[in-house]
Every structure is written in structure tokens, then in C-alpha cells.
2 protein chains.
Amino acid sequence: MMRTLEDIVHYAMTCFVNAPGSHDWEHTRRVRNLCRHIGTVEGADLEVLEIAAYLHDIGRAGEQPAKGTRCHAEKGAQMAGEILKGYSIGGAKRENIIHCIRNHRFRGKQLPETLEAKVLFDADKLDAIGAVGIARAYLFAGELGAKLHNPDMRPEDTEAYSREDTGYREYRLKLSKIKERMLTREGRRMAEERHRFMEAFFERFVSEYEGGR
Amino acid sequence: MMRTLEDIVHYAMTCFVNAPGSHDWEHTRRVRNLCRHIGTVEGADLEVLEIAAYLHDIGRAGEQPAKGTRCHAEKGAQMAGEILKGYSIGGAKRENIIHCIRNHRFRGKQLPETLEAKVLFDADKLDAIGAVGIARAYLFAGELGAKLHNPDMRPEDTEAYSREDTGYREYRLKLSKIKERMLTREGRRMAEERHRFMEAFFERFVSEYEGGR
């Protein structure tokens with residue numbers, strides 16, 4: 001029975017015991033820190049946000065990383081509904097937490113409706129870009145046994161994710177578009193700054209790769 | 001029998017068929033391009049450099065990536081000696097190529113003595129730093145199943161390379177020191193520029209990791 005926030009945090013941590021480095025408990029911790037910052041600036045309900053952030057990826061437990069995120073948000077929302085039955089919190093807040101988790105995916109069909117769901121969505125996307133996003137993209141490529149770079153391949157050439165995949169392709173195909181999808185003002189501001197850093201990184205990467213600089 | 005440069009390139013390529021992305025044939029190609037640039041600026045023998053660059057990592061074939069580079073330079077030098085027996089090139093040049101390969105390691109006991117060996121040493125180190133170096137460090141961490149970051153660990157805490165390893169630790173322990181080891185003027189100039197870029201990257205990485213920016 002989840003009686004305290006500590007119970008919830010402890011439960012969520014145990015879901016990540018065998019998670020790969022690119023999607024591990026540390027990602028959840030960073031998203032929680034970003035939620036606290038953006039949520040404060042935007043005036044969101046921090047109690048709802050804190051719990052939603054800690055639980056947002058628990059549906060990944062048991063998924064293969066290469067299979068991606070097909071249903072982890074829906075599965076996580078269902079798990080959260082069960083977990084929160086024993087937790088002392090108002091019904092509307094509980095529903096909001098579940099809504100946050102169900103709608104945090106980048107490729108999700110339904111967009112977040114509440115402010116808290118928008119903040120969680122933005123925080124989760126921010127952790128995929130900037131310097132952390134670059135490091136995660138290459139770590140993930142390494143987990144898949146991928147190449148460092150594949151200059152002959154156009155971004156649209158193959159299905160994600162294969163050994164032909166690279167961090168640069170992930171940037172071109174997905175990470176470079178994230179800043180357009182932000183749903184809060186503070187999230188957008190941070191995304192634009194992180195985006196500029198990624199642009200500078202990959203411009204240098206490509207020119208170093210060709211033997212320049 | 002290796003009669004032409006094409007024969008040598010083709011032989012070298014076949015040594016990398018199952019190489020991991022962090023130490024594959026593309027690394028050799030980038031080192032060759034860097035050798036051509038630095039060698040031209042420094043006035044080195046480009047024929048010697050070209051062959052030495054293509055062959056410098058052939059001794060890695062069959063090595064496990066996690067075992068590191070204990071003897072690949074010595075092994076590669078021996079392999080090159082055999083390969084070059086049938087190649088039409090002067091004896092001094094042949095000896096120089098073998099010297100280049102034997103002494104290109106960062107942790108090698110013997111330092112490069114000839115200009116060409118210094119250029120190859122610098123080119124190989126340059127490919128470990130800058131934006132390419134950052135990407136390679138995280139790709140390598142992913143290949144080992146390592147974490148994205150381990151803020152509680154001091155760089156000196158564990159043996160390289162374990163799942164506790166991270167790109168940041170690789171930077172602190174090794175990559176940040178490379179610029180001090182350069183042996184040519186042009187190599188040093190490029191290393192300083194790549195070093196500054198890495199500093200900016202990791203400063204941002206750590207502050208993003210903590211939830212800022």
C-alpha cells in the first residue's frame with residue numbers, strides 16, 4: 001500500500017533495476033527536477049507534478065529498449081491508477097496524475113490537456129535535447145551496436161532503430177523537431193536554448209568527421 | 001601479396017568487419033584524413049603517413065573492446081611488417097611505417113621519434129576529442145551497457161572500463177588531458193580548439209543534468 005510519497009518513489013525506483021542507461025531512473029530524476037522548475041515558473045500544482053514525474057515511465061519496465069515506447073504511457077497510466085488507490089489524495093488530483101502519465105509521449109495520439117500534463121510533456125522532451133540529449137542519443141546508439149555516423153544515409157532511409165542508426169540521424173529525424181512541440185512558455189524557452197546548442201554540436205561534429213577543424 | 005595501395009586499403013578494411021562503432025573503419029578513415037591535413041602543414045612524408053594511417057589499428061582485429069588497447073599497436077606493427085614485405089617501397093620508409101604503428105598509442109611506453117609517427121599519434125588522439133570524441137565516448141559507454149552519468153563517482157574511483165563508467169568520467173580521466181600530449185604544432189592547435197569545445201559541452205551537460213538550463 002502506497003501511503004507516502006517515499007513509498008511511491010521507492011516503488012518507481014524498483015521498476016528501473018535493469019533499465020538501460022539511456023532510459024533509466026536518472027532520466028526520471030532529471031524529469032522530476034525539470035518539472036519542479038517549469039511547474040514553479042508556470043504556476044502548476046507541484047504535488048500532482050511530483051507524483052506524475054516519478055511515475056511517468058514505470059510502464060517501460062520489462063520493455064525492450066529497441067521496441068521503443070509503443071504503449072508504455074498507457075501501461076504506466078494503468079499501473080499508476082492501481083498504485084494511487086491507497087494514496088491519500090483528492091480524486092481530481094489523482095485523475096490529473098493519470099492523465100499526465102497517459103499523455104506524455106512525443107508520438108502520443110492525445111495531447112496533454114491540463115497544465116501539469118503540459119509541464120510533464122515539456123520536461124520529458126527537454127531531457128531528450130541539449131547536451132544531455134546528445135549524450136543519450138549516442139549512448140542509445142551504442143546500446144544497439146550502431147555506428148558512430150553514417151554519412152551516406154539520408155534520415156528517411158531506414159526504420160528506427162537499427163544498427164544503421166546514428167546519433168546524427170536521431171537528431172535530424174526527431175530531436176531537431178522537439179522545440180516546435182513545446183506546450184509551455186518556460187519549456188519553449190529552455191528548448192530553444194538547448195536546440196541552439198545541439199545545432200552547434202552537430203555542425204562541428206560533421207565538419208570534424210570530414211577531417212576538418 | 002600487397003602490390004598497390006588499394007591492396008593495402010582493402011586488406012585493412014577487412015580487419016574491421018565486426019568492429020564496434022566506437023573503433024571501426026570510419027575511425028581509420030578519419031585518422032587518415034587528419035594525417036593528410038597535419039602532414040601537409042608539417043611537411044611530413046605523405047606516402048609513409050597514408051600507409052601508416054590505414055594500417056595503424058589492424059592489430060585491434062579480434063580484440064574485445066572492453067579489454068582496451070593493451071597490445072594492439074605492437075601486434076599491428078608486426079602485421080604491417082609481414083604485409084609490407086611484398087610492397088614496393090624503400091627500406092627506410094617501410095621501417096618508418098612500422099615505427100609509426102608501433103608507437104601511436106596514448107599509453108604507449110615509447111614515444112614516436114619520426115615526424116610521421118608524431119603526426120599519426122596526433123591524428124589518432126584528435127579523433128578522441130572534440131565533438132567526435134564526445135560522441136565516441138558515449139557510444140563506447142553504450143556498447144559497455146554503462147550509465148549516462150554517475151555524479152557520485154570520482155574519476156579515480158574505479159578501473160576503466162565498467163558499467164559504472166560514463167562519458168564524463170572518460171573526459172575527466174583521459175580526454176581532457178590529450179591536448180597536453182600533442183607532438184606537432186598543427187596537432188596542438190587543433191587539439192586546443194577541440195578541447196575548448198569539450199569543456200563547453202561538459203559544463204552544459206553537468207548543469208542540464210542537475211535540472212538547470
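This passage walks through how the two chains are arranged and how two helices of chain B are packed.

The model is predicted, so local features need pLDDT of at least 70 and side-chain atom pairs count only at pLDDT 80 or more, while totals for chains, interfaces and linings use all residues. Residues are numbered from 1 along each chain as its sequence is written, and chains are lettered from A, with ligands numbered from 1, in the order in which they are written.

Let's start with the two copies. A rotation of 180° with 0.0 Å of shift along its axis puts chain A on chain B, with an RMSD of 0.0 Å; the fit is by least squares on the C-alpha atoms of residues with pLDDT of at least 70 in both. The two copies are thus related as by a two-fold rotation axis. In chain A, Gly142(A) has the C-alpha nearest that axis, 2.0 Å away.

Now for where they touch. Chain A and chain B each put 34 residues into the contact, where two residues count as in contact if their C-beta atoms, placed from the backbone, lie within 7 Å. On the chain A side, helix 2 (25–42), helix 7 (130–143) and helix 9 (185–209) each supply at least two residues. Helices here are DSSP runs (H or I, at least four residues), numbered from the N terminus. Helix 7 of chain A gives the largest share, 11 residues. Because 100% of the interface residues of chain A are also interface residues in chain B, the copies meet through the same surface.

Next come two helices of chain B. Helix 4 has 12 residues, which at 1.5 Å a residue should span 16 Å, and its end C-alpha atoms are indeed 16 Å apart; the expected span is 1.5 Å times one less than the number of residues. His72(B), Ala73(B), Gly76(B), Ala77(B), Met79(B) and Ala80(B) are buried in helix 4 of chain B. Buried means that 20 or more other C-beta atoms, placed from the backbone, lie within 10 Å of the residue's own. The buried residues of helix 4 of chain B pack against helix 3 and helix 5 of chain B.

Helix 5 of chain B (residues 91–102) also has 12 residues and an expected span of 16 Å, and its end C-alpha atoms are 17 Å apart, which agrees. Its buried residues are Asn96(B), Ile97(B), Ile98(B), His99(B), Cys100(B), Ile101(B) and Arg102(B). Among the elements covering them are helix 3 (46–55), helix 4 (72–83) and helix 6 (115–126) of chain B.

Conventions: A residue is buried if 20 or more other C-beta atoms lie within 10 Å of its own, exposed if 12 or fewer, and partly exposed in between; C-beta atoms are placed from the backbone.
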